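Hi,

Here's the structure I promised to pass along. Have a look at it first, and my notes come right after.

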Amino acid sequence: MGRVTERRKVIRIRDGAVSSRADTLVAEEPLEIRLNGKPLAITMRTPGDDFALAAGFLVSEGVLAAESDLLNIVYCAGATVDGSNTYNVVDVRTAPDVTMPDFTLERNVYTTSSCGLCGKASLDAVRTTARWPISDIPPVRVDPELLASLPDRLRAAQRVFDRTGGLHAAALFTEEGELVDIREDVGRHNAVDKLVGRALQNGDLPLSRTLLLVSGRASFELAQKAVMAGIPVLAAVSAPSSLAVDLAAETGLTLVGFLRGSSMNVYAGEDRIALRAAAAQG
């Protein structure tokens, strides 16, 4: 849509010298997600991959689980008073047999780009039941050296970040380290939704043989999104939250944090990491 970035005037000060220039910024706009015509949620996101974002969000909410659950997604024309299409409202139409969430539940449907949990009434609201228990059979086994190589590969694939410096990214890799998909967004939870939504649209759920790498920290919500998509390994370049670690331990998710250089912390699911091989090399 050409709305991923925008230009703004900025006053630049370097070593006491003042100049004026145009700077490239990442775009941030609200996206309202409607489910079968009823408003469900609003998130601040970077425009682009909006249909995948909406589909992935509904996977994490436990509404969608398979490509057949989804009939179509459309932008809502006439979303404004003057009847114009802002491309900021999408309506997700589901198959007749898909169970709808309870729209009468007290719920603040506004979520922010920094923390999707901020829009939830309580933590209990996001403890949805996973459609697929994490069951990677045979178990995924990941070498620490392979994990250590992924952040650089993620950074190299971030096209918009190079122009703005203001985007998070999420990437899916195979257990052999092959890049499957990468998405960028002003919110890291949106980037994950875009990945999961594309997988749903392509009929690839559950993602039971993949690794999910996210820029920044690993929140409870990101761990939940990984579990809901059947992803066995979640790695982050920064710290996890205590609830993310608790959820990983409860569900069998492998959770890796502070993945920087050759160093990392494994907080849960260490059986999928080739620790003996790493110890022998050390």
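Below is what I found on the salt bridges.

A bit of housekeeping: this is a predicted model, so local features need pLDDT of at least 70 and side-chain atom pairs count only at pLDDT 80 or more, while totals for chains, interfaces and linings use all residues. Residues are numbered from 1 along each chain as its sequence is written, and side-chain values use heavy atoms, with hydrogens and water left out.

The structure has 11 salt bridges, meaning a side-chain nitrogen of Lys or Arg within 4 Å of a carboxyl oxygen of Asp or Glu. Among them is the pair Lys194 and Asp185, at 2.7 Å from N to O. Lys194 is buried (under 20% relative accessible area with a 1.4 Å probe, protein chains only; exposed is over 50%, partly exposed in between), with a value of 1%. Asp185 is buried too, at 0%.

Then there's Asp50 with Arg45, where the closest N and O atoms sit 2.8 Å apart. Asp50 comes out at 2% relative accessible area and Arg45 at 0%, so both count as buried.

Glu221 and Lys225 pair up at 3.8 Å between the closest N and O atoms. Both are in helix α5 (residues 220-228), four residues apart, or about one turn of the helix. Helices here are DSSP runs of H or I with at least four residues, numbered from the N terminus. Glu221 is buried at 7%, and Lys225 is buried at 3%.

Finally, a network of salt bridges links Asp49, Asp181, Arg183 and Arg198.

Cheers

Key: Helix = DSSP H or I, 4+ residues; strand = E, 2+ residues; numbered from the N terminus.
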